[in-house]
Amino acid sequence: MRKLGSFIISLFSVLLGLIWLAPLIWLVGTALTKTSFHMSFLPNTEFSFENIKYVWNAVPFGQYYLNTIILVVVTFGIQFITSTLAGYSLAFMNYRGKALVFVIIFMQIIIPNDVLIIPNFMTLSEMGLIDTKLGIMFPFLGSAMAIFLLRQTFKTVPRAYGEAARIDGANLWQTIWRVYMPCAKPAYMSFAVISVSYHWNNYLWPLIVTKSPTNRTLTVGLAIFAKSKEANMQWSNVCAATLIIILPLLLAFFVMQNQFMNSFVSAGVKE
């Protein structure tokens with residue numbers, strides 16, 4: 001009975017995996033086959049890269065890629081610094097209002113980002129940052145979730161490690177860099193996955209803030225392309241554009257899936 005139960009669970013898991021993969025398989029098959037005006041579950045068998053070439057030349061996806069990479073890398077880099085310093089401060093430093101600061105940061109995790117679109121847009125408009133890369137990044141330069149995650153992770157590190165480093169002559173930044181940050185690698189990896197995937201796929205905020213192709217991201221470019229005459233009302237072209245956008249994240253996941261899974265398992269929140 002135990003073997004039968006294991007077999008049923010394994011079979012159920014495989015079926016769930018196939019259901020999850022079905023849309024992706026259909027998208028890749030449609031993007032890499034002959035163009036068609038009709039949508040069908042089974043794409044044509046004639047393999048071709050013409051859809052990819054057509055989409056890449058019809059829309060400035062090169063510029064969109066550059067904009068998105070700059071947005072993702074710079075945003076995560078600044079979040080890395082601000083979240084580390086804030087997480088360490090909330091974990092170990094004592095100052096007046098510390099509990100209130102932590103409550104405010106925790107409340108930001110609960111509030112959806114979409115609720116803040118109007119006040120954020122008004123603020124950026126006053127600052128003259130509409131239709132700029134900095135304007136897209138500005139509301140996300142600090143991450144409440146990353147601060148909370150790192151604060152909880154830092155608290156699991158024995159204070160004796162930091163005190164020993166200070167006795168050996170390390171300053172505050174050296175203590176954070178050489179003692180606490182190495183102990184929080186799983187937390188950093190987990191947040192990196194969330195941050196990169198979120199900002200790579202973010203659509204609504206870049207759509208509202210940007211007006212010109214020089215600052216648009218991949219998701220905004222895809223939406224505009226799907227509604228344009230360049231798409232020619234062909235699902236193969238739309239699927240090719242979608243494949244161009246998701247390919248880097250897919251490759252990163254398939255190559256580093258073990259590291260991704262281990263980081264989320266190891267970064268359990270503890271008090």
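The largest pocket of this predicted model holds about 800 Å³ of space. A pocket here is an open set of points on a 1 Å grid over the protein atoms alone, where a 1.4 Å probe fits, with protein on both sides within 12 Å along at least five of seven lines. Its volume is the space filled by probe spheres set on the points. Lining residues have an atom within 4 Å of a point; there are 30, and N113, P139, F140, G142 and A144 are the closest to the centre. Two or more lining residues come from each of α4, α5, α7, α10 and α11.

| Class in pocket lining | Residues |
|---|---|
| Nonpolar | 19 residues |
| Polar (Gly among them) | 10 residues |
| Charged (Asp, Glu, Lys, Arg) | one residue |

Helix α10 covers residues 185-201; at 1.5 Å a residue its 17 residues should span 24 Å, and the end C-alpha atoms are 24 Å apart, which agrees. Helices are DSSP runs of H or I with at least four residues. Among the buried residues of α10 (under 20% relative accessible area, 1.4 Å probe) are Y188, F191 and W200.

The largest nonpolar core, a set of buried nonpolar residues joined through side-chain atoms within 4.5 Å, has 21 members, of which V55, F61 and L218 touch the most others. Helix α13 gives the largest share, six residues. Beyond four places in sequence, F61 is in contact (heavy atoms within 4.5 Å) with V55, W56, L218, A241 and I245. A second, separate core of 18 residues includes F191 of the α10 range, along with V157, V179 and A184.

Residues are numbered from 1 along each chain as its sequence is written. Local features need pLDDT of at least 70 and side-chain atom pairs pLDDT 80 or more, while totals for chains, interfaces and linings use all residues, and side-chain values use heavy atoms, without hydrogens and water.

Conventions. Expected span 1.5 Å × (residues − 1). Buried < 20%, exposed > 50% of the residue type's maximum accessible area, 1.4 Å probe, protein only.
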